[in-house]
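Student: I would like to go through this model step by step, beginning with its helices. Could we proceed by question and answer?

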Amino acid sequence: MWIEEKNRLQATFKFKDFVEAFAFMTEVALHAEKMNHHPQWTNVYNTVEFQLYTHDEGNIVTDLDRKLAKVIDKIVKKYQN
């Protein structure tokens, strides 16, 4: 679930292990590159945390961030049981 707070869209996703988390991140990276919109994210073992915001618009949440969040939501569904 995405939460908008402090000019950021934020979400945390957990996976069964590091390999699955990394596979998810790889898919997200390919889509983010196509959109030319790159997330701020962290990964620790099976957990991936996102903060989405647009640097070029003054570090605020824009429609581009919301579009990327929707793409991420579609990708994460592949990994949920």
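The exchange below concerns helix packing, the nonpolar core and several single residues.

Tutor: This is a predicted model, in which local features need pLDDT of at least 70 and side-chain atom pairs count only at pLDDT 80 or more, while totals for chains, interfaces and linings use all residues. Residues are numbered from 1 along each chain as its sequence is written, and side-chain values use heavy atoms, with hydrogens and water left out.

Student: Are helix 1 and helix 2 roughly parallel or roughly antiparallel to each other?

Tutor: Helices (H or I, at least four residues) and strands (E, at least two) are DSSP runs numbered from the N terminus. Helix 1 covers residues 18-35 and helix 2 residues 63-77; they pack at about 150°, with their axes 10 Å apart. Angles run from 0 to 180 degrees between N-to-C directions, and axes are lines fitted to C-alpha atoms, for helices over the stretch in contact. Angles under 35 degrees count as roughly parallel, over 145 as roughly antiparallel, 65 to 115 as roughly perpendicular and the rest as oblique, and helix 1 and helix 2 are therefore roughly antiparallel.

Student: Which residues of helix 2 does helix 1 meet?

Tutor: Contact means heavy atoms within 4.5 Å. From helix 1, the participants are Phe-24, Glu-27, Val-28, His-31, Ala-32 and Met-35; their counterparts in helix 2 are Leu-64, Lys-67, Leu-68, Val-71, Ile-72, Ile-75 and Val-76.

Student: How many nonpolar residues does the contact of helix 1 with helix 2 have?

Tutor: Ala, Val, Leu, Ile, Met, Phe, Trp, Tyr, Cys and Pro count as nonpolar, Asp, Glu, Lys and Arg as charged, and the others, Gly among them, as polar. By these classes, the contact of helix 1 with helix 2 has one polar and two charged residues, and its nonpolar residues number ten.

Student: Which residues touch the most other members of the largest nonpolar core?

Tutor: A nonpolar core is a set of buried Ala, Val, Leu, Ile, Met, Phe, Trp, Tyr and Cys residues joined through side-chain atoms within 4.5 Å. Buried means under 20% relative accessible area, exposed over 50%, and partly exposed in between (1.4 Å probe, protein chains only). The largest core has 20 residues, and those touching the most other members are Trp-2, Phe-13, Phe-15, Phe-24, Phe-50, Leu-52 and Ile-72.

Student: Which elements give two or more residues to this core?

Tutor: The contributors include both strands and helices. They are strand 2 (8-14), helix 1, strand 4 (47-52) and helix 2.

Student: Is Thr-47 buried or exposed?

Tutor: Thr-47 lies in strand 4. Apart from neighbours within four places in sequence, Thr-47 is in contact with Thr-12, Phe-13, Lys-14 and Thr-42. With a relative accessibility of 11%, Thr-47 counts as buried.

Student: Is Lys-6 buried or exposed?

Tutor: Lys-6 belongs to the loop between strand 1 (3-5) and strand 2. Although not a glycine, Lys-6 has a positive phi of about 55°. At 74% relative accessibility, Lys-6 counts as exposed.

Student: What phi does Asn-7 have?

Tutor: Asn-7 is placed in the loop between strand 1 and strand 2, and its relative accessibility of 44% makes Asn-7 partly exposed. Asn-7 is not a glycine, yet its phi is positive, at about 60°.

Student: What distance separates the C-alpha atoms of Arg-66 and Leu-52?

Tutor: Arg-66 lies in helix 2 and is partly exposed, with a relative accessible area of 35%. Arg-66 and Leu-52 are 14 residues apart along the chain, and their C-alpha atoms are separated by 8.3 Å.
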